[in-house]
Amino acid sequence: MTDVAQRRPGGADGPEPSGRGAPGPDPARWRALGVCLAVGFMTLLDVSIVNVALPSIESSLGAGPSQVQWIVAGYALAFGLVLVPAGRFGDLYSRRTIFVVGLAGFVLTSAAAGLVQSATALALVRLLQGVTAGLVNPQVLAFIQQLFTGAERGRAFAAFGTTVGLSTAIGPLLGGVILQVFGEDHGWRGVFLINVPIGVVLLPLAWRWLPAQRRSQQRRPGFDVPGLLLLAAAVLLLMLPFVLTSASSARWWLLAPGLALLVAFALWERRQDRLDRNPVIAVSLVRTPSFTTGALIGVAYFAGFTGIFLVVTLYLQSGLGFSPLQAGLVQTPFALASAVLAQVGGRQVAGRGRAVVVVGLVVAALGLTAADVVTAVVQGTAGAVALAACLAVTGVGSGLVISPNQTLTLADVPRETSGVAGGALQTGQRIGSAMGVAAVTAVFYSVLAGAGLSGQRPAGAGGEVPEQVQTAFGEALSGGLRVSLGLVVAALLLALLDLRRRRSS
């Protein structure tokens with residue numbers, strides 16, 4: 001692992017001084033981490049929280065299917081596109097500046113999203129909001145690498161893993177609460193506007209507590225613009241087919257040029273690295289086994305667990321007739337269990353390494369298997385309670401996977417490239433999430449179509465959902481959960497291979 005960064009006089013960071021009198025760890029590191037996690041939580045929450053607000057947006061703005069698609073997908077697309085270049089800019093210039101600019105932009109775009117008067121304007125603002133979120137998140141991982149070392153780094157990544165798990169799972173609950181408070185007609189505006197006062201408070205704290213970049217007398221290295229453009233185009237073409245689920249099936253043809261551009265990017269980066277021209281992603285980073293294996297595990301696991309919450313929400317609201325708030329409460333045990341076990345995983349990973357991730361993946365797979373069995377045979381309130389218990393087990397596993405895997409993936413990454421490494425890691429997670437959501441929902445809707453149903457809540461007397469409809473939605477959820485289980489098992493196989501590699505070396 002790289003050594004913890006030290007704060008230079010005046011708040012700058014740089015190489016650690018040697019000899020007696022060297023300063024200790026940055027005294028503001030835990031406050032800086034708190035700011036990073038609060039901002040990261042807001043940006044990651046906006047990936048999922050908008051889902052429960054879509055009916056409110058449709059009725060308030062008269063949004064059509066294409067506009068709704070871009071309101072959801074535009075944020076994820078822009079988010080994924082910006083991560084790697086933002087991490088590289090932070091490494092080369094100033095992480096604090098990029099972080100503060102991204103946070104200020106996120107506050108402004110959140111305010112704009114809550115005040116727009118048309119669905120088209122909201123879709124455009126969501127694109128810009130995704131860009132600002134993408135500026136912030138790589139800096140969070142880079143600051144953890146920079147400010148912490150040893151066991152403290154594991155604890156810091158545990159806190160970040162808790163943030164990721166909570167932001168993903170608690171979105172439906174928080175969205176339901178906001179809609180309940182502000183009313184379903186205009187409650188969607190509160191989903192965006194709630195970011196504004198929080199962001200305004202965090203802005204001055206970020207500037208004060210985050211370490212500034214050390215001023216160097218050496219010439220700044222150039223930025224690999226062709227490599228950046230190749231990577232951006234590849235990520236765009238690879239993500240589009242998965243996030244634009246309502247588009248024509250011809251969208252899958254975009255994967256071929258996307259893969260071709262990814263190969264071209266790899267070849268270009270090898271050339272840049274060979275000529276010592278400062279590539280976007282250094283070849284040495286890709287050749288680091290802990291980074292590449294950990295990144296692949298992250299892709300597979302995020303593909304498996306992210307899609308769960310969308311189909312569970314559809315099942316509870318459309319299949320069982322639950323309100324958004326009630327649906328969120330069913331998913332809360334996952335978030336709580338994940339938050340608690342992330343702290344355990346963060347403490348254990350320093351001594352037990354990849355074995356912690358393997359145990360977490362096994363537990364998550366068991367929880368998904370139990371949820372599959374339960375939803376296929378039990379419906380109604382009893383089924384929802386049983387599903388909540390199964391999700392709690394899955395959350396236990398998730399807490400032992402996300403933060404320990406982050407720690408292990410970035411353990412051997414030099415501090416000076418931690419921003420781009422974090423950006424690449426999170427880009428893979430965003431792509432994995434998009435793939436998983438597309439695959440899980442495709443199976444969910446195909447099972448409903450086979451039963452002669454759509455994903456919309458059927459009209460029933462007094463809000464009651466007929467038993468046969470509940471059964472069909474239960475079978476659809478069961479099918480979606482099997483896809484998630486398969487992806488989690490793929491992550492488990494990768495983790496077992498890495499565990500074997502580590503023990504043999």
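Select Ser-338 to begin; this residue sits in helix H14, which covers residues 324-352. The model you have open is a predicted one.

**Stop 1: Ser-338 and helix H14**

Is Ser-338 buried or exposed? Ser-338 is buried, because its relative accessible area is 1% and buried means under 20%. Now show what surrounds Ser-338. Setting aside neighbours within four places in sequence, Ser-338 is in contact with Gly-165, Gly-395, Val-396, Ser-398 and Gly-399.

Next, colour the whole of H14. How far apart are the end C-alpha atoms of H14? They are 40 Å apart. The 29 residues of H14 should span 42 Å at 1.5 Å a residue, so the two values agree. Go to Gln-331. Here H14 bends by about 40 degrees. Look a little further along for a proline: Pro-333 follows within four residues. Then step off the end of the helix. Gly-353 follows H14, and the phi of Gly-353 is positive, near 60 degrees.

**Stop 2: helix H7**

Select residues 171-182, which form helix H7. H7 has 12 residues, and these should span 16 Å at 1.5 Å a residue. Its end C-alpha atoms are 16 Å apart, so the span agrees with what is expected. Which residues of H7 are buried? They are Gly-171, Pro-172, Leu-173, Gly-175, Gly-176, Ile-178 and Leu-179. Step past the helix once more. Gly-183 comes after H7, with a positive phi near 90 degrees.

**Stop 3: helix H9**

Move on to residues 195-209, helix H9. H9 has 15 residues. From the first C-alpha to the last, H9 reaches 20 Å, close to the 21 Å expected at 1.5 Å a residue. Where does H9 bend? Click on Leu-202: the bend there is about 25 degrees. A proline, Pro-204, follows within four residues. Leu-202 is also buried, as are Asn-195, Val-196, Gly-199, Ala-206 and Trp-209.

**Stop 4: Thr-132 in helix H5**

Find Thr-132 in helix H5, residues 119-147. Thr-132 counts as buried, because its relative accessibility is 9% and the cut-off for buried is under 20%. Draw a line from Thr-132 to Gly-105. The two are 27 residues apart along the chain, yet their C-alpha atoms are separated by 5.6 Å. Gly-105 is also one of the contacts of Thr-132. Gly-102, Phe-106 and Thr-109 are in contact with Thr-132 too, leaving aside neighbours within four places in sequence.

**Stop 5: Arg-29 in helix H1**

Jump to Arg-29, in helix H1 (residues 29-48). Is Arg-29 buried or exposed? Arg-29 counts as buried, because its relative accessibility is 14%. Which residues does Arg-29 contact, apart from neighbours within four places in sequence? Look for Leu-147, Phe-148 and Glu-152. Now pick Val-437 as well. Arg-29 and Val-437 are 408 residues apart along the chain, and their C-alpha atoms are separated by 35 Å.

**Stop 6: the second largest pocket**

Turn on a pocket display. The second largest pocket holds about 950 Å³ of space. Several helices give two or more residues to its lining: H10 (225-243), H11 (255-274), H12 (283-286), H13 (289-319) and H18 (418-450). In total, 30 residues line this pocket. Select Leu-262, Ile-281, Val-286, Leu-296 and Ala-424, the lining residues that lie nearest its centre. What kinds of residue make up the lining? It divides into 24 nonpolar, three polar and three charged residues.

**Stop 7: Gln-429 and Gly-486**

Stay with H18 and select Gln-429, which is found in this helix. Gln-429 counts as buried, because its relative accessibility is 6%. Gln-429 touches Gly-298, Val-299, Phe-302 and Gln-406, not counting residues up to four places away in sequence.

Last, select Gly-486 in helix H19, residues 467-504. Gly-486 is partly exposed, because its relative accessible area is 42% and partly exposed lies between 20% and 50%. Measure across to Ala-300. Gly-486 and Ala-300 are 186 residues apart in sequence and 9.4 Å apart in space, C-alpha to C-alpha.

Key. Residues are numbered from 1 along each chain as its sequence is written. This is a predicted model: local features need pLDDT of at least 70, side-chain atom pairs count only at pLDDT 80 or more; totals for chains, interfaces and linings use all residues. Side-chain values use heavy atoms; hydrogens and water are left out. The expected span of a helix is 1.5 Å times one less than its number of residues. The bend at a residue is the angle between axes fitted to the seven residues ending there and the seven starting there. Buried means under 20% relative accessible area, exposed over 50%, partly exposed in between (1.4 Å probe, protein chains only). Contact means heavy atoms within 4.5 Å. On a 1 Å grid over the protein atoms alone, a cavity is a set of points where a 1.4 Å probe fits but cannot get out, and a pocket is an open set with protein on both sides within 12 Å along at least five of seven lines; lining residues have an atom within 4 Å of a point. Grid points are joined across faces, edges and corners, and a volume is the space filled by probe spheres set on the points. Ala, Val, Leu, Ile, Met, Phe, Trp, Tyr, Cys and Pro count as nonpolar, Asp, Glu, Lys and Arg as charged, and the others, Gly among them, as polar.
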